[in-house]
Amino acid sequence: MSENINSLKSTFENELSLVDLTNKEAVDNLRVKYLGKKGLVTDLLKQMGTLPAEERPAYGKLVNELKAFVAEKIEQAITTAQEAELNKKLSEGYVDVSLPGNGIPVGSTHPLYDIREEIIDFFAQMGFEVDFGRDIETDWYNFEALNTPPDHPSRDMQDTFYMDEGVVLRSHTSGTQIHYMETHKPPFRMIAPGHVFRVDNDATHAPMFQQCEGLVVDENISFAHLKGVLQLFMKKLFGENVKTRFRPSFFPFTEPSAEMDVSCVFCGGNGCRRCKGTGWMEIGGCGSVDPNVFKNCGIDSEKYTGFAFGFGLDRIAMLRHSIPEISLLTSNDQRFLEQF
Ligand code: DAH
């Protein structure tokens with residue numbers, strides 16, 4: 001019996017020396033042929049039952065040694081075949097691991113978004129509520145309730161997009177004040193950031209831009225409160241050294257009204273090309289709420305006073321970042337956006 005074992009061993013060694021060691025499948029076939037369920041080594045083990053009992057231990061030992069030998073050789077051959085396969089793959093598809101990978105571009109927040117967040121943060125800290133209002137308004141909210149009757153010449157201050165009869169794309173965020181006053185009882189403070197629309201298009205005016213309205217109503221609110229809040233706000237936006245000035249102006253919804261300027265952010269107030277030599281830049285309008293506006297919203301103007309203000313976010317962004325054209329802010333041009 002032991003000759004059978006020895007002869008199978010040399011047959012195996014012979015076959016193994018002929019097998020293509022780079023071929024994993026060929027090596028695996030050899031494994032099945034010898035060690036599989038119906039394999040040649042397995043067969044030898046099965047034959048043990050036909051032997052007399054006293055021969056079995058010695059026989060079993062020899063077959064098991066052969067089995068371990070075959071298993072080890074096959075194992076080695078499989079490793080060799082796997083390495084060969086890997087080397088083949090690597091040589092076919094050479095990968096230069098020193099090349100830069102495909103970068104994942106990271107976006108950034110839009111400068112207008114940043115400024116809006118900054119404004120909301122500032123006023124929220126002072127107890128202002130935020131009301132985004134609506135882009136489409138009726139004539140009442142955009143004009144009439146704001147003390148601007150149909151034939152009032154101040155309607156020409158803003159070239160409005162008219163939709164249906166009595167419906168407009170809001171030309172300013174001031175109308176949100178009216179909605180707010182209709183639904184809230186004083187005292188209150190609120191801001192209303194949002195998009196506004198005007199028939200206007202040049203380097204510094206766009207048909208759509210963003211504004212932020214503000215309104216404070218309480219007993220004994222004076223123009224001094226307005227100046228205090230807005231001065232603080234300008235310092236927040238443009239730094240501690242910025243100066244503010246209030247010029248008398250006219251808006252139908254405030255009386256008295258003012259236009260607020262800040263010292264030129266480019267020359268610090270000395271006068272330059274950007275501020276046309278004046279040292280000042282216009283930032284927004286403001287004033288004490290006109291009693292007629294209170295009346296339109298059912299608020300007692302004998303008891304309450306208030307102030308309101310409105311300014312453009314695009315203009316602030318342009319000053320902040322020295323942006324020469326307002327249209328860049330909505331152009332979606334990646335070369336522009338990547339700078340922020
Ligand atoms: N609504 C004005 C505009 O769009 C800005 C403004 C001026 C708002 C004075 C106000 C204000 O609340 O009091 O030009």
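This passage describes selected helices, buried residues and backbone features of a predicted model.

Helix H2 spans residues 24–35 and contains 12 residues. The distance from its first C-alpha to its last is 16 Å, close to the 16 Å expected at 1.5 Å a residue. Four residues of H2 are buried, namely Ala26, Val27, Leu30 and Tyr34. These residues lie on the same side of H2, because they cover an arc of only 100° around the axis. In general, an α-helix has 3.6 residues a turn, so residues three or four places apart point the same way. The cover over the buried residues of H2 includes helix H1 (2–18), helix H3 (40–46) and helix H4 (56–92). At the start of H2, the backbone nitrogen of Glu25 has a side-chain oxygen of Asn23 within 3.0 Å.

A second arrangement involves helix H8 (residues 223–238) and helix H10 (residues 313–321), whose axes come within 11 Å and cross at roughly 45°. H8 and H10 are therefore oblique to each other. On the H8 side the contact is made by Lys236, Leu237 and Phe238, and on the H10 side by Ile316, Leu319 and Arg320.

Ile323 is placed in the loop between H10 and helix H11 (334–337). Its relative accessibility is 5%, so Ile323 counts as buried. Leaving out residues up to four places away in sequence, Ile323 touches Ala317, Met318, Leu328, Leu329, Phe336 and Phe340. Ile323 and Thr204 are 119 residues apart in sequence, and their C-alpha atoms are 9.8 Å apart in space.

Another buried loop residue is Ser171, with 0% relative accessibility. Ser171 lies between strand S3 (167–169) and helix H7 (175–183). Its side chain makes a polar contact of 2.9 Å with the side chain of Asn142. When neighbours within four places in sequence are set aside, the contacts of Ser171 are Asn142, Phe143, Gln158, Thr160, Val196, Phe197 and Arg198.

Within helix H7 itself, His179 was examined. His179 has a relative accessible area of 13% and is buried, because the cut-off is under 20%. With neighbours within four places in sequence again set aside, His179 is in contact with Arg134, Glu137 and Tyr141.

Gln210 belongs to strand S5 (residues 208–218) and is buried, at 10% relative accessibility. Gln210 and His195 are 15 residues apart along the chain, and 4.3 Å separates their C-alpha atoms. His195 is also one of the residues that Gln210 touches, not counting residues up to four places away in sequence. The others are Leu112, Arg116, Gly194, Phe311, Gly312, Leu313 and Asp314.

The backbone was also examined. Most residues other than glycine have a negative phi, and most peptide bonds are trans. In this model, a cis peptide bond joins Pro186 and Pro187, with omega about 5°. Pro187 lies in the loop between H7 and strand S4 (188–197). A cis bond also joins Glu255 and Pro256, where omega is about -5°. Pro256 is located in strand S7 (residues 254–263).

Positive phi values occur at Asn147, near 65°, and at Asn220, about 60°. Neither Asn147 nor Asn220 is a glycine. Asn147 is situated in the loop between helix H6 (139–142) and S3, whereas Asn220 is in the loop between S5 and H8. Asn220 counts as exposed, with 66% relative accessibility.

Methods
Residues are numbered from 1 along each chain as its sequence is written. This is a predicted model: local features need pLDDT of at least 70, side-chain atom pairs count only at pLDDT 80 or more; totals for chains, interfaces and linings use all residues. Side-chain values use heavy atoms; hydrogens and water are left out. Helices (H or I, at least four residues) and strands (E, at least two) are DSSP runs, numbered from the N terminus. The expected span of a helix is 1.5 Å times one less than its number of residues. Buried means under 20% relative accessible area, exposed over 50%, partly exposed in between (1.4 Å probe, protein chains only). The arc is that of the directions from the helix axis to the C-beta atoms. Contact means heavy atoms within 4.5 Å. A polar contact is a pair of N or O atoms within 3.5 Å; within protein, one must be able to donate a hydrogen and the other to accept it, and residues adjacent in sequence count only if both atoms are side-chain atoms. Axes are lines fitted to C-alpha atoms, for helices over the stretch in contact, and angles run from 0 to 180 degrees between N-to-C directions. Angles under 35 degrees count as roughly parallel, over 145 as roughly antiparallel, 65 to 115 as roughly perpendicular and the rest as oblique.
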